[in-house]
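Me: I would like to go through this model term by term, asking each time what earns a feature its label. Please set the values against the definitions as you reply.

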Amino acid sequence: MVNSDKYDVIVVGAGLAGLSCAYELSEKGKKVLVIEAQDYAGGRTSSFDDNGMRVESGLHRYIGYYSALPRLLKKCGVKIGDIVTWEEKVDILIKDKNKKMVLGLAPLFGPVKTARGVLGNNDILSLQDKLSLIPFFLSGFSNYIFSNNLDNYSVAEYANLHKVSEKSKRLILEPLSSGIFFMPPENYSAYAFFGLFAPAVSRFYKMRIGAFLGGMTEVMCNPIVNKIRSLGGRFIFGEPVESVILENNKVAGVRAKSGMEYSASETVIATTLPSAKNILMPLKKNIFLSKLYDLPAMSACTIQLELDKPALEKDITVFGPGTDMVSFAEQSRSTFRNLSGRLSVILGNPNEYIDKEADDILKTVIKQMESLGVNLDKDGILNYRKVAEKDEFYSLDKGSQKLRPTQKTDIPGLTLAGDYTLTPSFATMEGAVISGQLAAKECIKNIDG
């Protein structure tokens, strides 16, 4: 079956990478078709119904120093302040101590909280513990800017090199590594660690964290879809793509699992890393794609609970170092305001949980949350879902950075997008948007000559 329409560009994937690419192309007057396997937009930043329970692809936060994403949303009629509520601090719960450490993360918008976080918490972190972090951060940011060897170290190795105290490693560096990207500091690349925070150095005045005021598909991704449609772009949802189509050594379109074929002058693969590897299988032996196939992937796993009352006093990001509850948040006052209580938990060591049943995971969550001082009454848990993303993220292991492919390929008709492709950013919403914009530029260059 062949679709008779001829497009300038086919974009496979309606995550943020695909949407940003499709917007740039449509805005430039190109005829664009976006094909998405799911029935909704958003990819790894989506919200959807899971057998009667509203869930999200994972617990996501908007970082105040993002620039490409807010510009895209503004062009699509969305103001960041209308879709997020700002957090000026995070809590770090101390296992088995019934204590918490409060860190302010908004130097301009919450200067008092930021100062208290640095100067306070002395009953948990001593002055010596805090001072041990200074050489680590100063050297790390300096090496990130002026050198290229950080990817040879894990966060733990780099911390040991600079003699960070054990308590600071556990209570500060572990939350800032595994608490954000669910990978332990023993594996997490120091380059990715400092690269994530580097923009905050020059844009410290923008630094704060935003929790979404509604599902990400509804408040963030659908407005982009609507804008692209208004510019003439077309979407097909619920159509998984099986393979690229080759004609005379050129990518001429894609074939869906339904058997339908779609043709275009240019094709952008803007899916997750494992999906891209499957779709591009006819080109696996191409030398350019060797990096893509060598780039390792990592998994993510969350459990999301509906409760009869809030689990936490405030809807802010919380870390649980020393447990598999690496980060979590109450969301009944923010994302899921129609519920009495709503807790989302990102699980560390996701490979341990990815194939487990939700019932078994829940038992572990209740036990480990209790060690952090959070009591989850089993009778108060009204509903829960495990949301697993197996091997969908490119791995932030040390050494992975050099394997990220560029958006431009040496294969005629083919461009790549996705946060796994090479950008100044990493596995973030910002990185996905930037990759889509770079991919669109390549397509326009190829079409217009």
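Reply: A pocket, as the word is used here, is an open set of grid points with protein on both sides within 12 Å along at least five of seven lines. The model is a predicted one, and its second largest pocket has a volume of about 320 Å³. Of the 16 residues that line this pocket, the closest to its centre are Asp91, Leu93, Lys100, Leu312 and Glu313.

Me: Which elements give two or more residues to the lining of the second largest pocket, and how is that lining divided by class?

Reply: Strand E7 (89-94) and strand E8 (99-104) are the elements that do so, and the largest share, three residues, comes from E7. By class, the lining holds seven nonpolar, three polar and six charged residues.

Me: What makes a space a cavity instead of a pocket, and how many cavities of 30 Å³ or more are found?

Reply: In a cavity a 1.4 Å probe fits but cannot get out, whereas a pocket is open. The search of the whole structure finds three cavities of 30 Å³ or more, and about 40 Å³ of space lies in the largest cavity. Its lining includes Asp151, Ser189, Tyr394, Asp397 and Phe426, and the lining residues divide into four nonpolar, four polar and two charged.

Me: How do you know that Cys221 is not in a disulfide with Cys76?

Reply: A disulfide requires a pair of cysteine sulfur atoms within 2.5 Å, and the sulfur of Cys221 is 10 Å from the closest cysteine sulfur, in Cys76, which is too far for a bond. The search of the whole structure likewise finds zero disulfides.

Me: Why are Cys221 and Cys301 called buried?

Reply: Buried means under 20% relative accessible area; Cys221 has 0% and Cys301 has 1%, so both values meet the cut-off and both residues are called buried.

Me: What makes E8 and strand E18 (381-394) edge strands of their sheet?

Reply: The sheet is open, with seven strands in the order E8-E7-E15-E16-E17-E14-E18 and mixed pairing. E8 and E18 each have a single partner strand, so one side of each is left without a neighbour in the sheet.

Me: How do you know that strand E14 (residues 297-307) and E18 are paired?

Reply: Two strands pair if at least two bridges are found between them, and ten bridges join E14 to E18, so the criterion is met. The two strands run antiparallel, and Gln304 stands opposite Arg385 in E18.

Methods. Residues numbered from 1 in each chain as written. Predicted model: local features only at pLDDT ≥ 70, side-chain atom pairs only at ≥ 80, totals over all residues. Heavy atoms only, no water. 1 Å grid on protein atoms, 1.4 Å probe; cavity = no way out; pocket = protein on both sides within 12 Å on 5 of 7 lines; lining within 4 Å. Points joined across faces, edges and corners; volume = space filled by probe spheres on them. Helix = DSSP H or I, 4+ residues; strand = E, 2+ residues; numbered from the N terminus. Nonpolar A, V, L, I, M, F, W, Y, C, P; charged D, E, K, R; others polar. Buried < 20%, exposed > 50% of the residue type's maximum accessible area, 1.4 Å probe, protein only.
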